Amino acid sequence: MCEKQHELLIFGKNWTTVIDVPRKISNFAPALSNTSVKIQQVLNALEQFAPLPLQESWDNAGLQIGLTETEVSGALLCLDVTEKVIDEAIAKGCNLVVSHHPLLFRGLKQVSDANDVQRTVRKAIKNDICVISMHTNMDNAKGGVNYKIAEKLGAVPAGEPQAPHTAPSANTVLSGSPAEKIPFVLAELPDAMDSRAFIALVKERFGVKCAHCNKLIHRPIRKVAICGGAGDFMLDEAIAKGADAFITGEMHYHVFFGHEQEIQICVIGHYESEQFTSEIFQEIIQKECPGVRCFIAETMTNPICYY
Ligand SMILES: [Zn+2]
């Protein structure tokens, strides 16, 4: 099925300018998962890995939409939930969408068709699709977003997790034992490399067309601090921990100042830095809820284009 046909058959019309890169949805299997797993069991597995108390106070991770006593027909795993992602879930026969970024973040005062979020909510509800988001709890969890970035880089998290902003009052996992917030990880590359080779490696591994960096650092890079998404708040901590380089998704202009030859800053884009988070969801679900069909979403949701 070509992309044009797919658009006509599945999407029907252009709803939004947010996503302007239609992708082909490959052969989907409408058959139900070979399991009687309920959505609640998937939610439990995800929260066991990344307990909700690990999320930041301003966040809204967890169940967003839907009823959790329904059996899972399939899970579509993504970074952002948009109308086209819901369309993809429908096309693939999935009644569960698991995202990193919450669909409901600032709250809704109406549910009409006034904006993309409201239309997405309406479409999910109308099609009995449950939406779960694992956001800063997954950022802060051991084995979470930053560990996946390290894995993609071929770097090994070094020593004990870094936890400079632990909030003990909020940290209790489901089992009752304390959980630790890990807002960034320090990881070691297998071999030291110069800054030009390091930046080239990062760009290649994350499909980055253009990285925002400070001047090339004149020392070998071995220890890398990683904070996916908007991570510039961790830069000083990364320097204090002796990192040679700092990878994040986005960073304010003024934060770049004053760090020449101190640390190699490498900003690769928010979407690019967190794009592999869906693989974590897949690994958790396949391990804890075997039999549930999982799909990494093919819909491109990055709203930022490079020209
Ligand atoms: Zn993010």
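In which sense do strand 5 and strand 6 pair, and over how many bridges? In the predicted model analysed here, strand 5 and strand 6 (residues 185–193) are antiparallel to each other and are joined over two bridges. Within this pair, Pro-157 lies opposite Ala-187 of strand 6. The pair belongs to an open sheet of six strands, arranged in the order 5-6-8-9-10-7 with mixed pairing. Strand 5 (156–157) and strand 7 (212–213) form the edges of this sheet, each being paired on one side only.

Two helices were found in contact with strands of this sheet. Helix 6 (residues 145–153) lies across strand 5, strand 6, strand 8 and strand 9 (245–250), and its direction makes an angle of about 135° with strand 8. Helix 7 (residues 195–206) also packs on the sheet, where it touches strand 6, strand 7, strand 8, strand 9 and strand 10 (264–267). The direction of helix 7 makes about 20° with that of strand 10. In helix 6, the buried residues include Val-145, Asn-146, Tyr-147, Lys-148, Ile-149 and Ala-150. Gly-154 follows helix 6 and has a positive phi, near 80°.

Overall, the protein contains ten helices and eleven strands. Of its 307 residues, 43% are buried. Among contacts between residues at least 6 apart in sequence, 69% join residues at least 24 apart.

A second set of paired strands involves strand 2 (residues 75–78). Strand 2 runs parallel to strand 3 (residues 96–99), and four bridges join the two; Cys-78 has Ser-99 of strand 3 as its bridge partner. Strand 2 also runs parallel to strand 11 (residues 294–296), to which three bridges join it, and here the bridge partner of Leu-77 is Ile-296. Ala-75 and Leu-77 point one way from strand 2, whereas Leu-76 and Cys-78 point the other way; all four are buried.

Strand 2 and strand 3 are further related through helix 3 (residues 83–91), the three elements making a right-handed β-α-β unit. Eight of the nine residues of helix 3 are buried, so the helix is largely enclosed by the rest of the structure. The buried residues of helix 3 are Glu-83, Lys-84, Val-85, Ile-86, Asp-87, Glu-88, Ala-89 and Ile-90, a set that includes charged as well as nonpolar side chains. Just after helix 3, Gly-93 adopts a positive phi of about 70°.

The largest nonpolar core comprises 78 residues, and Ala-75 and Val-97 have the most contacts inside it. Strand 8 (residues 221–230) supplies the largest share of this core, namely five residues. At least three residues of the core come from each of domain 1 (3–138 + 275–296) and domain 2 (139–273). In soluble globular proteins, nonpolar side chains tend to be buried together. The surroundings of Val-97 draw on several elements described above: leaving aside residues up to four places away in sequence, Val-97 touches Leu-76, Cys-78, Val-81, Val-85, Ile-86, Ala-89, Ile-129 and Val-131. Of these partners, Leu-76 and Cys-78 point to one side of strand 2, while Val-85, Ile-86 and Ala-89 are among the buried residues of helix 3.

Individual residues outside these buried elements were also examined. Gln-40 is found in helix 2 (residues 39–49) and is partly exposed, since 15 other C-beta atoms lie within 10 Å. Although 28 residues separate Gln-40 from Thr-68 in sequence, their C-alpha atoms are 4.7 Å apart in space. Beyond residues up to four places away in sequence, Gln-40 touches Thr-68 and Glu-69.

Positive phi values also occur in residues other than glycine. Asp-128 has a phi near 55° and is placed in the loop between helix 4 (116–126) and strand 4 (130–133). Asp-128 counts as partly exposed because 13 other C-beta atoms lie within 10 Å. Gln-261, likewise not a glycine, has a positive phi of about 65° and is found in the loop between strand 9 and strand 10. With 11 C-beta neighbours inside 10 Å, Gln-261 is classed as exposed, the limit for that class being 12 or fewer.

Technical notes: Residues are numbered from 1 along each chain as its sequence is written. A nonpolar core is a set of buried Ala, Val, Leu, Ile, Met, Phe, Trp, Tyr and Cys residues joined through C-beta atoms within 7 Å. A residue is buried if 20 or more other C-beta atoms lie within 10 Å of its own, exposed if 12 or fewer, and partly exposed in between; C-beta atoms are placed from the backbone. Domain bounds come from an automatic or database domain assignment. Two residues are in contact if their C-beta atoms, placed from the backbone, lie within 7 Å. Two strands pair if DSSP finds at least two bridges between them. Axes are lines fitted to C-alpha atoms, for helices over the stretch in contact, and angles run from 0 to 180 degrees between N-to-C directions. A crossover is right-handed if, with the strands pointing away from the viewer, the path from the first strand over the helix to the second runs clockwise.
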